[in-house]
Amino acid sequence: TKGWIPNTDGAVALETPQAYDIDFLVIAGGGSGGLSHGGGGGAGGYRTSTQSSSSGVTVTVTVGDGGAALGSSSNTDVGNNGSNSSISGSGFTTITSTGGGGGASAQTSGNSAGNNGGSGGGGRSSAGGTQAGGNGDTPATTPSQGNNGGNGFLGEPEQAGGGGGAGAVGQTGASGTAASGGAGASSSITGSAVTRAGGGGGGARSDGTAGAGGAGGGGNASNNSGGSDNGVVNTGGGGGGGGRVNGGAMSASGAGGKGVVILSMPSGNFSGTTTGSPTEATSGGNKILTFNSSGSYTT
């Protein structure tokens, strides 16, 4: 009534900050495909959570890169795994999604299995020997963060297994037909349903049909000396397996797609304090932050 403006308000100073929920989608980088009718790369691990936070907490966001492609002259027998994505912060349960497993190659006779990862890489195609896909959900999480890669076809003509996806296992190669990558999983965290983290297709010889990438960013494979497709950036999709002209030149494999981390919170609680330049959007009553590279959000 006297028009005073307080510079201290004990009641407000002692008030307990009100907590609010933040939804998270954390997808790791996908694995690259293998060489010479090689297996498709596994998708990056796919995890969701809802956690409660009060104001002033810095949430650190790490977005994993996809596994690097293998060149057509690489002297290696397995694709590169993707890198992990994660969220962490004081009072939060750290959520880590594991990079997708690299696809196996038929170029050399060493390791002929796909790598383990968030989703496993596809197995090599071979007329003999091991041809298993890699294990998904490695290390194990609840619920599962991914699926196994498919096996290569054990016989002629040689066709590879598809990489595992977040929503389905990679398919197994068959005579004359390489396997498709496993489908990704759908999330509506941005306000509309989007499928991400599909596995890469299995590579083939030129006398066979190359495998298609799984829905959600998986790269298509090759069946000749032309290059395979990369996993789609910021979906965590696996790279396509490299092809080979029968008895001749090989193609490079596809690289894994970079991962992504998405946060959703009530618009009224959004602080506006971020690093890493996430994209901002609004859906209904929620503010959406999409991190295509590493950064942070302060609640």
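# Worked exercises on a predicted model

G122 is buried, its relative accessible area being 0%. Keep in mind as you work that this is a predicted model.

## Exercise 1: the surroundings of G122

Task: Find where G122 lies and which residues it touches, leaving aside those up to four places away in sequence.

Solution. Start with the location: G122 belongs to the loop between β5 and β6 (185-187). Next, check burial: anything under 20% relative accessible area counts as buried, so G122, at 0%, is buried. Now list the contacts, not counting residues up to four places away in sequence: G122 touches G39, G40, G103, A104, G114, G133, G149, G150, G161, G162 and G163. Finally, take one of these contacts, G39. G122 and G39 are 83 residues apart in sequence, yet their C-alpha atoms are 4.1 Å apart in space.

## Exercise 2: two aromatic pairs

Task: Search the whole structure for aromatic pairs and decide how each is arranged: stacked or edge-to-face?

Solution. The search gives two pairs. Begin with F24 and F92: their ring centres are 5.9 Å apart and the planes meet at 90 degrees. Planes over 60 degrees apart count as edge-to-face, and that is the arrangement of F24 and F92. Then place the two residues: F24 is in strand β1 (residues 20-27), while F92 is in the loop between β4 (85-88) and β5 (95-97), so this pair ties together parts 68 residues apart in sequence. Both partners are buried, F24 with a relative accessible area of 2% and F92 with 10%.

Turn to F270 and Y297. The ring centres are 5.7 Å apart and the planes lie at 10 degrees, so this pair is stacked. F270 sits in the loop between β8 (260-266) and β9 (273-275), and Y297 in strand β12 (residues 295-298), so the pair links parts that are 27 residues apart in sequence. As for burial, F270 has a relative accessible area of 18% and is buried; Y297, at 0%, is buried too.

## Exercise 3: the nonpolar cores

Task: Identify which residues of the largest nonpolar core touch the most other members, and which strand gives the most to this core.

Solution. The largest nonpolar core has 18 residues, and L263 and Y297 touch the most other members. Look next at the strands: β1, β3 (58-62), β8 and β11 (286-291) each supply at least two residues. The most comes from β1, with four residues. There is also a second, separate core of eleven residues, including Y46, A185, I189 and A197. As general background, nonpolar side chains in soluble globular proteins tend to be buried together.

## Exercise 4: the open sheets

Task: Work out the strand order of the sheet that contains β12, then of the sheet that contains β1.

Solution. The sheet with β12 is open, has five strands and runs β5-β4-β3-β12-β9 with antiparallel pairing. Its edge strands are β5 and β9, each pairing on one side only. From one strand to the next, the twist averages 10 degrees. Zoom in on β9 and β12: they run antiparallel and are joined by three bridges. T275 has S296 in β12 as its bridge partner.

The sheet with β1 is also an open one of five strands, in the order β2-β1-β8-β11-β10, again with antiparallel pairing. Here β2 (46-53) and β10 (279-283) stand at the edges with a single partner strand each, so one side of each lacks a neighbour in the sheet. Neighbouring strands of this sheet are turned by 20 degrees against each other on average, direction ignored. Within this sheet, β1 and β8 pair in the antiparallel sense over five bridges, and I27 stands opposite V260 in β8.

Technical notes
Residues are numbered from 1 along each chain as its sequence is written. This is a predicted model: local features need pLDDT of at least 70, side-chain atom pairs count only at pLDDT 80 or more; totals for chains, interfaces and linings use all residues. Side-chain values use heavy atoms; hydrogens and water are left out. Rings of Phe, Tyr and Trp (its six-membered ring) pair if their centres lie within 6.5 Å; planes under 30 degrees apart count as stacked, over 60 as edge-to-face and the rest as tilted. Buried means under 20% relative accessible area, exposed over 50%, partly exposed in between (1.4 Å probe, protein chains only). Contact means heavy atoms within 4.5 Å. A nonpolar core is a set of buried Ala, Val, Leu, Ile, Met, Phe, Trp, Tyr and Cys residues joined through side-chain atoms within 4.5 Å. Two strands pair if DSSP finds at least two bridges between them. Axes are lines fitted to C-alpha atoms, for helices over the stretch in contact, and angles run from 0 to 180 degrees between N-to-C directions.
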